[in-house]
Amino acid sequence: MGNSCTTNLIPTTKPVLVYWAVHGRSDFCQAMLYAGNISYELDEDTANAWPASKEDTPFGQVPVLKHGDLTIGQGGAINRYCARLAGLYPADFRGAALCDMYLEEIMEIFGALFKGKLAADANAKKEAWKMLETEFLPKHFKLLEKNLKKSGKSFLGGDSANAADVAFYVVYNLYSKASVDVDAALTDCPTLKSTVAKTKNLGNLKNFPVRGLYFSSDPAHDAF
């Protein structure tokens, strides 16, 4: 028998996310909230005070989410918390395990953005971005497509979209905003591609804000 626990009430105050107004790792948790029509505040002032505010965070890094008397560090924990708030995280063990599997794969795809961002020089960056567009993304998208087709479902979340589908929408959007041809990478993945358009209609996700870029494959852009 599992350990018993007391269920705490969800705070009635708005969640507060400490991060900058740029497209990056916090897009995942923010998109969960948009998809669930959950209002929140973006605390840029605390983020802009970095590193003065570093000691106030659980692990000396951002993003940080504050909700009532709860403070959460680590992006994965924040993403899942926001997904639960939004009703997008499965309650059953099997569904949660599959959702986590896809979330981990999608975060691996997200992490590859740094290969382009942090390459040693301009030429290395161009090569890295090209590799991501023509090799890395098609490979990983095809793996997701394979699993989606095998499931026989319309979404990574099954019959309806869940946190995994929102996360894929985010990573698709991040690469697109980085001027990577994600649609070309999805050429052989029609089922996966269709989830993007359908997921965009969740809650208020279609109105997800346009912000500054941290990742760009365009040599003329400051974020290159």
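The buried residues of helix H1 are covered by several elements, including strands E1 (16-18), E2 (22-23) and E3 (41-43) and helices H3 (75-85), H4 (93-111) and H7. In this predicted model, H1 spans residues 27-35, and nine of its nine residues are buried, so the helix is largely enclosed by the rest of the structure. The buried residues include Asp 27 and Gln 30 as well as Phe 28, Met 32 and Leu 33. Just after H1, Asn 37 takes a positive phi of about 55°.

Two of the strands that cover H1, E1 and E3, also belong to an open sheet. The sheet has four strands in the order E3-E1-E4-E5, and its pairing is mixed. E3 and E5 (70-72) stand at the edges with a single partner strand each, so one side of each has no neighbour in the sheet. From one strand to the next, the twist averages 20°. E1 and E3 are parallel and pair over three bridges; Leu 17 has Leu 42 in E3 as its bridge partner. Helix H3 packs on the sheet, where it touches E4 (64-67) and E5, and its direction makes about 40° with that of E4.

The largest nonpolar core has 64 residues, of which Leu 137, Phe 141, Phe 168 and Tyr 175 touch the most other members. Helix H7 (residues 163-177) gives the largest share of this core, eleven residues. Leaving aside residues up to four places away in sequence, Tyr 175 touches Phe 110, Leu 137 and Val 182, among others.

The chain has a mean pLDDT of 95, with 96% of its residues at 70 or more. Over residues 1-6, however, the pLDDT is below 50, and this stretch has zero contacts beyond near neighbours in sequence. Where pLDDT is low, the predicted coordinates should not be read in detail.

Note on methods. Residues numbered from 1 in each chain as written. Predicted model: local features only at pLDDT ≥ 70, side-chain atom pairs only at ≥ 80, totals over all residues. Heavy atoms only, no water. Core = buried A, V, L, I, M, F, W, Y, C linked by side-chain atoms within 4.5 Å. Buried < 20%, exposed > 50% of the residue type's maximum accessible area, 1.4 Å probe, protein only. Contact = heavy atoms within 4.5 Å. pLDDT = per-residue confidence, 0-100. Pairing = 2+ DSSP bridges. Axes fitted to C-alpha atoms, helices over the stretch in contact; angles between N-to-C directions.
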